[in-house]
Amino acid sequence: MDDLLNRSRAAVWHPCTQMKQLEAAPPLAIARGEGAWLIDTDGRRYLDAISSWWVNLFGHCNPRINAAIIDQLGKIEHVMLAGATHEPVVDLSERLAKLTGLGHAFYGSDGSSATEIALKMSAHFWRNSGQPEKNGFISLKNGYHGETLGALSVTDIPLFKDTYAPLLRHSVQVPTPDARLAEPGETAEAYALRCAAALEAHLAEHAATTAAFIVEPLVQGAAGMAIYHPTYLKRARDLCTQYRVHLIADEIAVGFGRTGTMFACEQANIRPDFICLSKGITGGYLPLSAVLATDDVYAAFYGNATARGFLHSHSYTGNPLACRAALAVLDIFEHDQVIAANRVKSIEFTGILSEVAAHPRVRHFRHLGMIWAFDVADATAGFSTRFHQAALAQGVFLRPIGRTVYAMPPYVTSADEMRGLADVVLACLDTPAI
């Protein structure tokens with residue numbers, strides 16, 4: 001293991017990492033995975049309680065996803081999607097359209113790419129529609145949409161954004177409906193409506209220069225799993241329609257069952273103008289993202305002039321292997337009735353975590369679908385690192401966000417595994433030095 005860690009530090013620039021800190025807290029040297037577990041080069045097992053950055057749905061080395069990729073390897077591994085097509089990308093596009101109620105799927109390789117595609121597509125739509133002045137964007141305070149320049153422009157996490165501020169395009173942030181910010185006695189729904197009123201006030205003044213409002217539906221992940229009432233989404237949809245502004249649903253983290261429905265927007269019974277998908281789309285196997293848009297958006301690009309088309313591309317757009325993995329994921333959802341099964345698991349797992357919720361250090365224990373989170377009242381500087389290391393020593397892989405501890409495990413996690421997670425979390429909370 002030590003040799004692999006030394007080689008990694010010498011050759012790999014790890015993401016979202018201050019590399020010097022790896023001297024004291026080396027990364028896990030993972031050799032293989034099995035279900036909800038990661039196994040290191042010494043054979044030690046760690047419960048993957050955050051689904052490897054929220055991407056793994058059905059466990060590591062899932063035999064059905066493995067089989068789909070192996071089958072596709074014997075046919076075609078990749079062909080450029082400009083000037084060619086193939087059955088996996090057509091099948092996947094048809095199934096995503098049926099699930100989302102939106103039309104043609106445009107593919108990228110990761111979540112940030114999906115955000116870039118949606119932002120460009122929205123602004124280009126208005127240009128093609130004779131309104132080039134509609135090129136501004138709105139997002140929520142504390143929102144996160146990726147770290148490429150366009151995506152970072154609509155992100156509101158200073159740690160990621162401030163260094164690159166001179167490179168970014170200006171955007172506007174409106175109040176977040178994060179239920180933790182409600183006034184004492186104010187319901188989550190009432191607070192959501194109050195925040196929606198602020199969105200309305202901005203649109204009333206600036207709709208003529210606004211292309212789109214981009215939002216993480218129901219849960220703002222990087223804000224510390226900030227959960228809000230679905231009435232905000234419904235009101236946002238009505239306002240965007242009224243003021244002729246696109247609504248972009250960034251379901252990159254919350255899609256594919258994480259919030260208890262296939263897509264979070266379903267809980268507000270709305271259809272966005274664009275939906276951004278990635279992370280769980282391939283079950284954590286291969287890089288893939290997709291943006292689906294309304295037929296009206298697609299029609300605005302259709303014509304004889306090349307410049308009117310959406311001239312955006314990625315070399316691995318619609319990769320057949322990734323599409324086959326995604327199709328296998330959708331097959332598992334359908335054949336195993338995963339959404340219904342997760343509703344039962346969600347209730348059971350919340351019960352298992354009841355002692356955590358009642359712990360004296362815990363504030364704002366919250367859960368939605370297959371996401372659980374809480375804030376630690378007395379967390380001090382370095383809390384997230386200390387908690388991560390303590391949990392790791394007990395065989396659980398967790399990465400708190402600031403003072404927020406969250407669990408977003410693979411859907412194959414068992415009740416016994418969740419009890420083990422709860423025991424480790426309680427042990428960490430019972431340690432005053434953490």
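A residue is counted as buried when its relative accessible area is under 20%. By this criterion, both Phe213 and Tyr232 are buried in the model, which is a predicted one.

The structure contains 14 aromatic pairs. One of them joins Phe213 and Tyr232 in an edge-to-face arrangement, with the ring centres 6.5 Å apart and an angle of 70 degrees between the planes. The two residues are separated by 19 positions, and the contact connects distant parts of the chain. Phe213 belongs to strand β7 (residues 210–215), whereas Tyr232 lies in helix α9 (residues 231–242). The pair is thus formed between a strand and a helix, with both partners buried.

A further aromatic pair is formed by Tyr298 and Tyr302. Here the geometry is tilted, at 45 degrees between the planes and 5.9 Å centre to centre. Tyr298 has a relative accessibility of 35% and is therefore classed as partly exposed, because this value lies between the 20% and 50% limits. Tyr302 has a relative accessible area of 62%, so this residue is exposed, the cut-off for that class being over 50%.

Ring pairs also assemble a cluster, which consists of Phe58, Phe333 and Tyr411.

Contacts between charged groups and aromatic rings were examined as well. The charged end of Arg45 is placed over the ring of Trp37, at 4.9 Å from the ring centre. An arrangement of this kind is found for Arg399, whose charged end sits over the ring of Trp53 at 5.9 Å from the centre.

Terms used. Residues are numbered from 1 along each chain as its sequence is written. This is a predicted model: local features need pLDDT of at least 70, side-chain atom pairs count only at pLDDT 80 or more; totals for chains, interfaces and linings use all residues. Side-chain values use heavy atoms; hydrogens and water are left out. Rings of Phe, Tyr and Trp (its six-membered ring) pair if their centres lie within 6.5 Å; planes under 30 degrees apart count as stacked, over 60 as edge-to-face and the rest as tilted. Helices (H or I, at least four residues) and strands (E, at least two) are DSSP runs, numbered from the N terminus. Buried means under 20% relative accessible area, exposed over 50%, partly exposed in between (1.4 Å probe, protein chains only). A charge sits over a ring if NZ of Lys or CZ of Arg is within 6 Å of the ring centre and within 35 degrees of the ring normal.
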